[in-house]
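Let's take a walk through a small piece of protein architecture together. Have a look at the picture first, and then we'll pick out a few contacts and see how they fit into the fold.

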Amino acid sequence: MKWLKNIENLAVNHRVGECPFCNSEDTKFKAEKTQGDMGYLVMWCENCKHAHNISRIKITQDLVTDNQIPDNLIF
């Protein structure tokens, strides 16, 4: 799984870290609540537009951002 280190980095540092596809540091994430404190999270690279989705995740205050999920991501 290419995004595994990024998931670990997000859990520990609340940052996505380096893109596993192009090595860019220009990465972002957005968490959305869907029911109660559960929801999904999308992390992506602003440079190459590769992305990863995590479903059924507990959304904590540390995961709340103002980032908007782009329409042209490659999952």
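Start with a pair of opposite charges: R15 forms a salt bridge with E25, and their closest N and O atoms are 3.7 Å apart. The term salt bridge is used here for a side-chain nitrogen of Lys or Arg within 4 Å of a carboxyl oxygen of Asp or Glu. R15 and E25 both sit in the loop between α1 and β1, 10 residues apart, and the pair links distant parts of the chain. E25 has a relative accessibility of 49%, which counts as partly exposed. On this scale, buried means under 20% relative accessible area, exposed means over 50%, and partly exposed is in between, using a 1.4 Å probe and protein chains only.

Before going on, a word on what you're looking at. This is a predicted model, where local features need pLDDT of at least 70 and side-chain atom pairs count only at pLDDT 80 or more, while totals for chains, interfaces and linings use all residues. Residues are numbered from 1 along each chain as its sequence is written, and side-chain values use heavy atoms, with hydrogens and water left out. As for labels such as α1 and β1, helices (H or I, at least four residues) and strands (E, at least two) are DSSP runs, numbered from the N terminus.

Now for the sheet. Three strands make an open sheet in the order β1-β2-β3, and the pairing is antiparallel. Why do β1 and β3 each have a side without a neighbour in the sheet? β1 (27–35) and β3 (51–58) stand at the edges with a single partner strand each, so one side of each is left free of a neighbour there. From one strand to the next, the twist averages 20°. To count as paired, two strands need at least two bridges between them as found by DSSP. Strands of a sheet pair through backbone hydrogen bonds, either parallel or antiparallel.

Let's go through the two pairings. β1 and β2 run antiparallel over eight bridges, and one bridge partner is easy to find: K28 is matched with W44 in β2. The hairpin of these two strands has two residues between them, and G36 takes a positive phi near 60° there. Strand β2 (residues 38–45) is then joined to β3 by six bridges, again antiparallel. Across that pairing, L41 stands opposite I54 in β3, and M38 stands opposite K58 in β3. The hairpin of β2 and β3 has five residues between the strands, and in it K49 takes a positive phi near 70°.

Helix α1 (residues 4–13) lies across β1, β2 and β3, running at about 120° to β2. That angle is taken between N-to-C directions, on a scale from 0 to 180 degrees, with axes as lines fitted to C-alpha atoms (for helices, over the stretch in contact).

Back to charges: how many salt bridges are there? The count comes to five. In one of them, E46 meets K28, with the closest N and O atoms 3.9 Å apart. This one links distant parts of the chain, since E46 is in the loop between β2 and β3 and K28 is in strand β1, 18 residues apart. E46 is partly exposed at 23% relative accessibility, and K28 is partly exposed as well, at 30%. K28, E46 and K49 are linked in a network of salt bridges. Elsewhere, D37 forms a salt bridge with K58, the closest N and O atoms being 3.8 Å apart. D37 lies in the loop between β1 and β2 and K58 in strand β3, so the pair ties together parts that are 21 residues apart in sequence.

Finally, look at the rings. The structure holds one aromatic pair: W3 and F21 are tilted, at 6.1 Å centre to centre with 50° between the planes. W3 is in the segment before α1 and F21 in the loop between α1 and β1, so the pair ties together parts that are 18 residues apart in sequence. (Rings of Phe, Tyr and Trp, the last by its six-membered ring, pair if their centres lie within 6.5 Å; planes under 30 degrees apart count as stacked, over 60 as edge-to-face and the rest as tilted.) Is W3 buried or exposed? W3 is buried, at 4% relative accessible area, whereas F21 is partly exposed at 37%.

Conventions: Contact means heavy atoms within 4.5 Å.
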